[in-house]
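Colleague: Hi! Could you walk me through this one? I'm new to reading structures.
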Amino acid sequence: MRFDRLSLQNFKCFEDADFRLDTGVTVVHGVNGSGKSSLLEACFFALYGATAIDRTLDEIVTIGAEETTVDLWFTHEGESYHLHRRIRATGERAVTADCTLEGPNSTLDGVGDVEDRVRSMLRMDASAFVNSAFVRQGEINKLIEASPGDRKRMIDRLLQLGRLETYRERAAEARLGVENLKERRSGRLDSLEEQIAEKDESTLYERANALESAIGDLESEIEQLESGRESARETLSEAESTLETHEQRREELATITERIETLQERIAEDERRRQELAETITDRRQEIETRTDTIETRATELDLDSTDPDAIEAAIEAAREEKERLTEAIMDLREAVQGAEHEAETATERAKTLQSRATDRRERASELETKQSQLEAEIEAEREAIEEAAAEIETHLSAFTAASIEYGEGAAAIEERREALEAARETETERREELATVQSRIEEAEALLEAGKCPECGQPVDGAPEVESLEADREEQERLEAALESERERRRELEDELDAAEALREHEREIEGLISTVESHGERLAEKRDSLAETRTRRDELQSEATDLEDEAAKAEKTAEKAQKRAAETREKIGEHNQERSEYADHIEALESLLETVEAVESLREEIERAQETRESIDDRNDERRETLTELRERKRTLDEQIDDERVEQARQNREDATDYLEQVETELAEKREQHDEHRSELGAVQNELEELQALEDQRAAVTETVEALDSLHAELSELESMYARLRTDLRQRNVSRLEALLNETFDLVYRNDSYARIELDGDYELTVYQKDGSPLSPDQLSGGERALFNLSLRAAIYRLLVEGIDGAAPMPPLILDEPTVFLDSGHVSQLVALVESMRDLGVEQIIVVSHDEELIGAADDLVRVEKDPTTNRSTVETDGFVLPEADD
Ligand SMILES: Nc1ncnc2c1ncn2[C@@H]1O[C@H](COP(=O)(O)OP(=O)(O)OP(=O)(O)O)[C@@H](O)[C@H]1O
Ligand SMILES: [Zn+2]
């Protein structure tokens, strides 16, 4: 058997992978976590399903994907097969949507059928495959490290020996089951015997017979009662129908009698009515005569040619028209009166309004006159104030007439005189200082003279010059004193003049104030004059307006008077018309009353006619009634004859008897029936018991037979059980010898030149390694690498034994090793390579190894490279026909 091709969609880390596998050694390589083991799992999953690889369906679906498909094509015994599985993961849990196995002859569908077929083709179930052909990662030492007991179980199972034990156990179980069953059946047999003895067969038959005859008697009694009841029912119904007919005839007779009476009454009544009508006719005729006289008298009064109703109506119509015409005329006139009255009212109103407006104007004009005289007085006052101010101005101006200063020059004169006064005062001071200087010089000279010294040089005087200078100074002193006096005079004059100028200036100011007073009075005067003129004009206007309004008011009053007069005239006319109209109304009334009388006569005539007609119809009706009466009397006589009281009495008696009988028979029947039912159910119970007895007897026969069969089965099973036990011991012994030989063969191949001599495998699969010197060694005393190789050897041996052990063509499943080199150094890897080679030589068609060991890669026929994209975390597969050394890894 070999795998040809594997195709994956969304299987674990593979999004999409599809590659071929060939015979020979294929090494799958790639970095850790790239998905190598997953590829092997995929093959295995395709064959045996998820539980075989200890996974759930959810775990194998790529995270986030909705569907996974796995397709494995393989060749087995020269035929091609295609295994297809599809997993859907859209629901809560992933489920297998498709599982098919396409073979050369047929296609299987469904997980159960497909997996059964795979098991029978490979002659291995999933665990057998895992323990021999498929060495899972990390499980390389599983077999060797197991306890002898576990190992025994594993290998036994592999070699199908476990099955023999299972069979033996089953046989033993079956034997025990049979023993159990036999015991229970025997117990049952005893209880059946007891039950049969309990039921007394002969009594049961007696009771059944007695009941059956009693039931027969009751049934015939019931039958008799029922026929008696039937004839009673007939008698009853006959009697009832006789009585019914009798009753009907009685009713008819009563109805007819009543009708005859009614008819007689009606005829009498109508006769009375006919008589009354004849009297009415006579009365009406008399009345007509009286009224006809009245009509003729009235017609003459009203001056009518004819008393025909149409003629009277025509006269009424003509009078009404005339009256209508007058009514309309009155209405028109009333309107005219209203119009005139309205006009008068309006005109009066208008006259009043106009008059009041005129009065208003006049009042306002007189107010203005008062205002006018007030203004005139004010104007006078202003003028007087102006004249007063002018007189004052004149007085102040007279101060200037004598003075040297003109009006208006006061201020300038004051300035000029102040300057002159200043100058005069300065000159006076100068003169006074000059005088003082001269006077002191004189005093000095006089002193010197007195001392005899020259006043000029201070030398003692003996000449004249000194006297001469003193003389001159004395003259000078006199002149200066005179000059000072005139200066003083002049200053005083100037001071007086300044005072005069200031006084004039005061007058000027007064005058200026007065002028402004005059000006303001002048303005006010002008204003008042304007206002006066305005007032005058306005007063004149108002007066003329008043006059106009008064004229108009007078005109309106005249209009009102005229309208009132018109209204009075019209009212008079209305009075005349009313008079005329009431005359017409009286005339109409008289005519109408006449018409009424004429019409009354007419209706009286009609009444007479109707009364005559009614009399005739009453005659007819009574004739008919009399006929009916005769018929009814005839029918009454017949009925009287038909009624037979004796027969009726007989029928009543019969009815009573039958009813009594029926009541009694029902009770009796019910009793009998109850009795009958009781007997029947009792009989049923007895019959049931008889049936049960029969069933018990049948059962006793059957159980006796089963107990006998169980005895013989028990013997057979005991034999079978011991046979399976014998068989297993024999087979195991044979297998152990063969396995030991194969193991030594393989081990030799691997450890040919080493220190180990051989391996011993005893009946309990206890393994012992013998060294060259003959000393024994337990396998767990070996190194890790040795142990791995040793284990691989054991696997290879088991694989070979398995293949041999299966008769006919060996299926030789691919040998699959996942990371077998983990515990091996390079030297031991060569031995592994040798082991692999030898397996191939032995005829293993396909060997798939997951490894990154270079030596193994070098020994491969084909390489499968697995790579994982680190960004998407998705793996891809590449195959290569050539064997190339790995660059690095
Ligand atoms: N359902 C899944 N969907 C996506 N990725 C998954 C799923 N299940 C497992 N994986 C990933 O698949 C990867 C492959 O694991 P696998 O054991 O096949 O790698 P390996 O190549 O055998 O590695 P090693 O050399 O370490 O044995 C893991 O990295 C894991 O994260
Ligand atoms: Zn791995």
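**Two helices that cross**

Modeller: Sure! The axes of helix H12 (residues 645–750) and helix H14 (residues 826–841) come within 9 Å and cross at roughly 135°. Axes here are lines fitted to C-alpha atoms, for helices over the stretch in contact, with angles from 0 to 180 degrees between N-to-C directions. Helices (H or I, at least four residues) and strands (E, at least two) are DSSP runs numbered from the N terminus.

Colleague: Why is H12 called oblique to H14?

Modeller: H12 is oblique to H14 because of that crossing angle: under 35 degrees counts as roughly parallel, over 145 as roughly antiparallel, 65 to 115 as roughly perpendicular, and the rest as oblique.

Colleague: Is this model predicted, and how are things numbered?

Modeller: It is a predicted model, where local features need pLDDT of at least 70, side-chain atom pairs count only at pLDDT 80 or more, and totals for chains, interfaces and linings use all residues. Residues are numbered from 1 along each chain as its sequence is written, while chains are lettered from A and ligands numbered from 1 in the order in which they are written.

Colleague: Back to the helices: which residues meet?

Modeller: From H12, Thr746, Leu749 and Val750 meet Gln831, Ala834, Leu835 and Ser838 of H14. Contact means C-beta atoms, placed from the backbone, within 7 Å. By class, this contact of H12 with H14 has four nonpolar, three polar and no charged residues. Ala, Val, Leu, Ile, Met, Phe, Trp, Tyr, Cys and Pro count as nonpolar, Asp, Glu, Lys and Arg as charged, and the others, Gly among them, as polar.

Colleague: New topic: in what order do the strands of the open sheet come?

Modeller: The order is E9-E10-E11, three strands with antiparallel pairing. Strands pair if DSSP finds at least two bridges between them. Strand E9 (756–761) and strand E11 (776–777) are the edges, each pairing on one side only.

Colleague: How many bridges join E9 to E10?

Modeller: Five. E10 (residues 767–771) and E11 pair over two bridges, and Tyr770 has Pro776 in E11 as its bridge partner.

Colleague: Which residue takes a positive phi in the hairpin of E10 and E11?

Modeller: Gly774, with phi near 90°; that hairpin has four residues between the strands.

Colleague: Last one: what surrounds ligand 1?

Modeller: 15 residues do, and the closest are Cys13, Asn32, Lys36, Ser37 and Ser38. Being near means a C-beta atom, placed from the backbone, within 6 Å. Helix H1 (residues 36–48) gives the largest share of that shell, three residues.

Terms used. Two residues are in contact if their C-beta atoms, placed from the backbone, lie within 7 Å.
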